[in-house]
Amino acid sequence: MSQQTISKSNSAEPKFFAVRRLGHVNLYSADFDGAMKFYTEVIGVEEVYRTPLVGGGFMSNGNTHHDIAFIDVNGPVARARKAKSPQLNHLGFELESEVALVECYNKAIAAGQTFLRTMDHDIAHSVYNFDPDGNVYEVYADVVREWRNQRSGTVTKPKPDWTPGSTPPIVESLYHVDPEIRRVSSAVFHPAYTTHAAMVVKDLAKSEAHYQDLIGLRTLSKGANGDIAVMAGTATDIALVLIQATDARPAGYHHVSMKVEDVADLKESTWKARSMGLPIAVEISESGRFAVQIRDGEGYLTHLYADSARGPDYESLTADKALLLL
């Protein structure tokens, strides 16, 4: 089966949202300045802006307003939420438009669905919810196209109260179809953008059904043994990988995956990282994919990959191999 083949049993229309892709991963950090420095100088993602009122730092190479973000555990938001150690804050999934956000939210509310919170981020409107494991995810729609005009340097604008429909929803799709991707030339690695995240979950069937039904991801493959779910949005080949937890593989956030456009560039970066003594946790070349995973000072893994062919055959993957290749 190719990467794009969708099982008939998992291709039903979503009940509520239909997200396009994973836009970003947001993580709590106990070493906020260190994290911002590491992800700029080593991972190669440009710092775009910081928000002192939140205690957050947001990083992107231009694909969207942020591909990865960090929230200082000593900052106001983390203290309010009692987040005292490095952990996942949320996964952010992008919708087609604000109209889709409002319509799908209202449909879910009418069906009895509850949500954690709603937020106005100035450049995007969002709703948040828990998955079955208690992980938080965001479903958002951009409400401005030129986000750099409002999100650069230090942002001090407070976040106003907002609920879906309280302002006239924007019909137009405002994400960039062909964004300017910026390369952090001085960094060790040179990813273009975030593509997906990997999560180990307590009950794969329950989590898969939640992400299918509520936010509209579709399952591309269950892997070789049925203990993974490779899931995609409407605009991507892969947005989320769910892996069944075991005693040896505890539940929780595992890694964020970032695409590097050139295999040779990634191999050169990996050699440079090893020569510098940087913490490479995984290096693997298989099925047309070269991938490395590097661990930051707080234990978070970033998976960087580039394909010379079509990439891994999802149907052949075991859970352990999926965590290395995807």
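1. In this predicted model, His24 has a relative accessibility of 1% and therefore counts as buried, the limit for that class being under 20%. The residue lies in strand S1, and its side chain takes part in polar contacts with two partners that deserve to be read together: one of 3.2 Å to the side chain of His90, and one of 2.9 Å to the side chain of Glu138. Setting aside residues up to four places away in sequence, His24 touches His66, Asp67, Ile68, His90, Leu91, Gly92, Glu138 and Tyr140.

2. Glu138, the partner of His24 in the 2.9 Å contact, is found in strand S8, which covers residues 136-142. A further polar contact, of 2.5 Å, joins the side chain of Glu138 to that of Ser126. Which side chain of opposite charge is nearest to Glu138, and how far away is it? The nearest is that of Arg117, 8.1 Å away, and Glu138 is accordingly listed as buried yet without a salt bridge. A colleague examining the site will want the surroundings as well: leaving aside neighbours within four places in sequence, Glu138 is in contact with His24, His90, Leu91, Gly92, Phe93, His121, Ser126, Val127 and Tyr128.

3. The structure holds 18 salt bridges, one of which is formed by Arg20 and Glu94, with the closest N and O atoms 2.4 Å apart. Arg20 lies in the segment before S1 and Glu94 in strand S5 (residues 88-94), so this pair ties together parts of the chain that are 74 residues apart in sequence. Both Arg20 and Glu94 are buried.

4. A second salt bridge to check is that between Glu46 and Arg182, where the closest N and O atoms are 3.5 Å apart. Because Glu46 sits in the loop between helix H1 (32-43) and strand S2 (47-51), while Arg182 sits in the loop between strand S9 (153-154) and S10, the pair ties together parts that are 136 residues apart in sequence. Both ends are partly exposed, Glu46 having a relative accessible area of 22% and Arg182 one of 30%.

5. Lys321 and Glu286 also meet through their side chains in a salt bridge, at 3.1 Å from N to O. This pair links distant parts of the chain, with Lys321 in helix H6 (residues 319-325) and Glu286 in strand S15 (residues 280-286), 35 residues apart. Lys321 is partly exposed, with a relative accessible area of 25%, and Glu286, at 29% relative accessibility, likewise counts as partly exposed. Elsewhere, salt bridges that share partners join Arg20, Arg21, Glu94 and Glu96 into one network.

6. On open space, the largest pocket has a volume of about 520 Å³. Its lining is made up of 29 residues, of which Tyr193, Thr195, Ala235, Thr236 and Asp237 are the closest to the centre of the pocket. Strand S1 (21-29), strand S10 (193-201) and strand S17 (301-307) each supply at least two residues of this lining, and the largest share, 3 residues, comes from S10.

7. How many cavities of 30 Å³ or more does a search of the whole structure find? The search finds 1 such cavity, and the volume of the largest cavity is about 30 Å³. The residues that line the largest cavity are Glu94, Leu95, Glu96, Ser97, Ala141, Asp142, Leu174 and Tyr175. Two of these names, Glu94 and Glu96, appear also in the salt-bridge network with Arg20 and Arg21.

8. Two backbone angles deserve a look, since in each case a residue other than glycine has a positive phi value. For Asp122 phi is near 75 degrees; the residue is found in the loop between strand S6 (117-120) and strand S7 (124-130), and at 18% relative accessibility Asp122 counts as buried, which places it under the 20% limit. For Ser287 phi is near 55 degrees; this residue lies in the loop between S15 and strand S16 (289-295), and at 39% relative accessibility Ser287 counts as partly exposed.

Note on methods:
Residues are numbered from 1 along each chain as its sequence is written. This is a predicted model: local features need pLDDT of at least 70, side-chain atom pairs count only at pLDDT 80 or more; totals for chains, interfaces and linings use all residues. Side-chain values use heavy atoms; hydrogens and water are left out. Helices (H or I, at least four residues) and strands (E, at least two) are DSSP runs, numbered from the N terminus. Buried means under 20% relative accessible area, exposed over 50%, partly exposed in between (1.4 Å probe, protein chains only). Lys and Arg count as positive and Asp and Glu as negative; His and the chain ends are not counted. A salt bridge is a side-chain nitrogen of Lys or Arg within 4 Å of a carboxyl oxygen of Asp or Glu. A polar contact is a pair of N or O atoms within 3.5 Å; within protein, one must be able to donate a hydrogen and the other to accept it, and residues adjacent in sequence count only if both atoms are side-chain atoms. Contact means heavy atoms within 4.5 Å. On a 1 Å grid over the protein atoms alone, a cavity is a set of points where a 1.4 Å probe fits but cannot get out, and a pocket is an open set with protein on both sides within 12 Å along at least five of seven lines; lining residues have an atom within 4 Å of a point. Grid points are joined across faces, edges and corners, and a volume is the space filled by probe spheres set on the points.
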